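Visitor: I am new to this structure and would like a close look at a single part of it. Could you take one helix and follow it through its surroundings?

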Amino acid sequence: MLNLSLKEISQALERKKFTSVELTQFFLNRVKKHNPSLNAFITIDEARSLAMAEKSDQLIQSGKKSILTGIPIAQKDIFCADEWRTTCGSKMLENFISPYDATVIQKFNEVGAVNLGKTNMDEFAMGSSNETSYFGPVKNPWNLDCVPGGSSGGSASAVAARLAPAATGTDTGGSIRQPASLCGFTGLKPTYGLVSRYGMIAFASSLDQAGPMAISAEDCGLMLEVMTGHDNKDSTSIERKKENYTDSLNDEIKGLRIGVPKEFFEDGLNADVQKVIEEALIQYEKLGAKIVNISLPNNHLAIPAYYVIAPAEASSNLSRYDGVRYGYRTKEYDDLTEMYFKTRQEGFGDEVKRRILIGTYVLSAGYFDAYYLKAQKIRRLISDDFKVAYEKCDVIMGPSAPSTAFKSGEKQENPLAMYMQDIFTISTNLAGLPAMSIPAGFVDGLPVGLQLIGNHFEEAKILNAAHIFQKNTDWHLHSPKGID
Amino acid sequence: MSINKEEISKIAHLARINVSQEEADQVEKKLVGILALIEKMQEVDTDLIEPMSHALNINQRLREDNVTEKDIRGKSLPLAPHAENSLFIVPQVIE
């Protein structure tokens with residue numbers, strides 16, 4: 001059951017080689033065995049997962065099977081799942097039992113996929129190392145002294161260690177792609193608006209987007225086909241015909257124009273990582289693609305603009321945590337004001353509080369134009385850079401992250417160094433573009449991810465390019481040793 | 001532009017977050033760093049640029065104002081730190 005693709009698992013279930021209950025139990029056993037060292041899951045509910053698997057087996061018996069029926073999927077703990085504890089990695093929601101399903105969860109339920117458990121994450125998805133979680137840091141299965149990346153670090157660690165066949169993540173500034181890079185698997189952030197945000201706990205609403213995290217591009221495509229679709233419950237959800245992402249996986253990529261932005265190879269990129277990326281690009285040339293030199297001249301402004309826009313939106317979104325209707329409430333208080341102040345002081349971690357304060361500052365009277373409006377203008381410049389670039393190329397490629405996985409604790413006290421982790425990923429969130437990270441090699445035993453960025457709604461094109469690469473290389477099939 | 005303790009205390013008040021005396025130095029140090037990073041934006045002239053609030057050029061949809069959600073009061077109220085008689089209870093606000 002280990003190391004099978006989602007398609008292979010699906011066929012095995014159909015041919016009754018094993019049942020969904022057996023499969024789910026197999027992965028639950030792996031989770032129970034390895035979670036004490038990896039801390040990839042916040043909540044495991046064996047009885048609930050197995051009950052879902054039993055129902056899925058009945059669906060399979062009655063011939064009502066679709067591709068993901070019976071397959072256990074690890075869900076990032078940012079997705080509300082009915083009757084499951086949903087914490088978002090925060091003390092604020094430590095005891096929150098969701099009263100409803102996020103649309104993403106509902107879609108997986110509808111096809112009979114099994115919820116394998118809720119994965120660890122940076123608190124409210126704010127972080128790049130999964131060290132801000134109230135439930136403790138997640139470890140990278142390639143080296144337990146290293147971080148898995150973040151914020152979807154629990155899902156990343158689970159997929160890399162094969163504790164789950166696949167997982168979900170969310171990506172506001174790189175939270176799917178950077179951990180996919182650091183943990184050596186395939187992750188995709190779709191075009192903004194393609195996957196419903198309903199029930200996905202909000203961080204920065206104009207940037208947040210959910211996506212699949214799995215071993216291969218094919219697996220990601222299959223998951224994306226379930227996750228996408230217009231949703232009335234999300235006012236930013238795109239009204240668009242549902243697409244098929246797997247039919248074109250094997251299309252020829254001869255003549256594909258790959259834009260390589262020079263800004264992705266300047267300051268901050270580790271030299272060994274650069275070599276791996278350059279070799280991957282040579283591989284693409286061998287497969288018939290053409291390299292085109294492009295420029296994204298405003299990329300260096302992406303992080304500054306992001307650290308205005310994302311905290312501004314977060315400060316507004318997180319105002320709901322006041323200790324009144326749900327979540328944590330401080331123990332001792334004399335009046336309502338003191339209750340608010342202490343609840344939020346005690347319920348939020350340091351990074352979350354920093355971002356709320358920054359967000360409040362940039363939106364406050366006298367600073368709005370200088371910061372928030374300025375950042376929105378720069379967002380336009382960054383988005384326009386991509387428009388110009390796509391006149392010359394079909395996909396853009398470069399590194400997903402500036403380095404391989406770094407040591408736990410290394411950047412914890414230095415937020416600015418941590419923010420630089422997303423230097424190659426943030427601009428695509430600002431522009432709303434789809435992007436993925438695929439395994440491209442190793443440096444000193446740690447995985448390196450290649451980033452593929454598509455134009456709006458061109459998920460099928462980047463999945464196709466990723467799949468062809470994966471048919472001709474086996475980087476995505478490597479898994480960490482010692483996780484038996 | 002930078003930030004001092006007085007301004008931090010002002011925004012902490014706006015954000016309804018208590019910042020204790022012990023935390024104040026660290027918070028100041030880190031916020032000053034983040035604001036310096038943000039300051040890089042001022043290098044570019046954006047006078048003629050239209051601000052962009054959304055990644056895609058879409059309009060908000062309108063819908064009929066119908067009840068679509070089922071009643072989840074029974075599941076929601078137990079989540080409150082303090083609820084009685086179907087009401088959320090907070091310290092008395094008006095004498």
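Guide: The largest nonpolar core has 158 residues, a nonpolar core being a set of buried Ala, Val, Leu, Ile, Met, Phe, Trp, Tyr and Cys residues joined through C-beta atoms within 7 Å. A residue counts as buried if 20 or more other C-beta atoms, placed from the backbone, lie within 10 Å of its own. The residues with the most contacts inside this core are Ile73(A), Val159(A), Ala164(A), Ala305(A), Val308(A) and Leu452(A), and helix H9 of chain A gives the most to the core, with 10 residues. Helices here are DSSP runs (H or I) of at least four residues, numbered from the N terminus.

This is a predicted model, in which local features need pLDDT of at least 70 and side-chain atom pairs count only at pLDDT 80 or more, while totals for chains, interfaces and linings use all residues. Residues are numbered from 1 along each chain as its sequence is written, and chains are lettered from A and ligands numbered from 1 in the order in which they are written.

H9(A) covers residues 302-317, and its axis comes within 8 Å of that of helix H2 (residues 21-38) of chain B, the two crossing at roughly 125°; axes are lines fitted to C-alpha atoms over the stretch in contact, with angles running from 0 to 180 degrees between N-to-C directions. That makes H9(A) oblique to H2(B), a word kept for angles that are not under 35 degrees, over 145 or from 65 to 115. On the side of H9(A), the contact is made by Ile303(A), Pro304(A), Tyr307(A) and Val308(A), and on the side of H2(B) by Ile34(B), Leu37(B) and Ile38(B), where contact asks that C-beta atoms, placed from the backbone, lie within 7 Å. By class, this contact has 7 nonpolar residues and no polar or charged ones.

Ala305(A), one of the core residues named above, touches Ala375(A), Ile378(A), Arg379(A), Ile382(A), Leu430(A) and Met41(B), leaving aside residues up to four places away in sequence.

Between the two chains as a whole, 55 residues of chain A are in contact with 41 residues of chain B. H9 is among the elements that give two or more residues to the side of chain A that touches chain B, together with H10 (336-347), H11 (350-363), H12 (368-389) and H13 (415-419) of chain A. H12(A) gives the most to that side, with 11 residues, and the residues of the side divide into 31 nonpolar, 13 polar and 11 charged.

Key
Ala, Val, Leu, Ile, Met, Phe, Trp, Tyr, Cys and Pro count as nonpolar, Asp, Glu, Lys and Arg as charged, and the others, Gly among them, as polar. A residue is buried if 20 or more other C-beta atoms lie within 10 Å of its own, exposed if 12 or fewer, and partly exposed in between; C-beta atoms are placed from the backbone.
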